[in-house]
Amino acid sequence: MGLNEKIIFLGILGIGAIVGVISFTLFSDLPPTPGNTKSIYRQDLPPPPPTAQASSSTESKVDPATVKADATLTILEGAATQGNPDYDPKELSVKKGNIIKVENADSLPHTVTNGEGANDPNSAKIFDTSLIMGGEAGILQTEEIDAGEYTYYCTVHPYMTGSLKVE
Ligand SMILES: [Cu+2]
C-alpha cells in the first residue's frame, strides 16, 4: 500500500466516523414524543369490528338471575362443614325439561355434580353446575337428562350429597 492509498483509506474512515457522529447526534435529538399526533405518517386505528362484542354476549348461557326456574335447590349456609345440612331439599323431584335454579346460600363455592364422588367414572357426565360461588346461583337444565334417580355431590366437599329424581 502506498502512502496516497493510506491517506485515502484513513480519509474514508474519518468521513464515515464524522457522518456516524452527526447522524447519531441529529436523530437522538428527535425522539418520538408521546402526544405528538402531527406526524405525517399518523393514521387513525380502524374502529374495532362490531361483531366482537355481539358474539360474546350471545354465547352467554341462561342467566340464573333472570331465568324462570321450575324448582329451586338451595345449598345451605354452613354446608361446607362436614356434618352440617347441605342441600335443601335433600331429594328433589322434577319433571324432565324443568329448569332448576341452584342457589348457593353459603359463603364458599360449591357444585351440584352427578355421581357418587370423584372416583365415579360417570361423575359430571349427566349434570354438573360447575363451581357456584358463595351467594351466587347456577342453573341445572334437565332437558337432556333421562328419567331416573341420580345421586349427586359437591366436587369441593364430596361429603355433601343429595339426589335428583327426573320424571
Ligand atoms: Cu361444597
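**Exercises: strands and their partners**

Strand 4 (residues 99-104) has two faces: Ile-100, Val-102 and Asn-104 lie on the covered one, while Ile-99, Lys-101 and Glu-103 lie on the uncovered one. A strand here is a DSSP run (E, at least two residues), numbered from the N terminus. This is a predicted model, where local features need pLDDT of at least 70, side-chain atom pairs count only at pLDDT 80 or more, and totals for chains, interfaces and linings use all residues. Residues are numbered from 1 along each chain as its sequence is written.

**Exercise 1.** Find how strand 4 is joined to strand 1 and to strand 6.

*Solution.*
- Step 1: recall that two strands pair if DSSP finds at least two bridges between them.
- Step 2: look at strand 1 (residues 71-75), which runs parallel to strand 4 and is joined to it by 5 bridges. Here Ala-71 has Ile-100 as its bridge partner.
- Step 3: turn to strand 6 (residues 137-141), joined to strand 4 by 5 bridges and running antiparallel. Gln-141 in strand 6 stands opposite Ile-99.

**Exercise 2.** Which residue of strand 2 is the bridge partner of Ile-75?

*Solution.*
- Step 1: strand 1 and strand 2 (residues 87-88) run antiparallel, with 2 bridges between them.
- Step 2: the partner of Ile-75 is Tyr-87.

**Exercise 3.** Work out why strand 3 and strand 5 each have one side without a neighbour in the sheet.

*Solution.*
- Step 1: write down the order of the open sheet, 3-8-7-5, made of 4 strands with mixed pairing.
- Step 2: strand 3 (91-94) and strand 5 (113-114) stand at the edges with a single partner strand each, so one side of each has no neighbour in the sheet.
- Step 3: check strand 3, which runs parallel to strand 8 (residues 161-166) and is joined to it by 4 bridges. Leu-92 has Leu-164 of strand 8 as its bridge partner.

Notes:
Buried ≥ 20, exposed ≤ 12 C-beta atoms within 10 Å, placed from the backbone.
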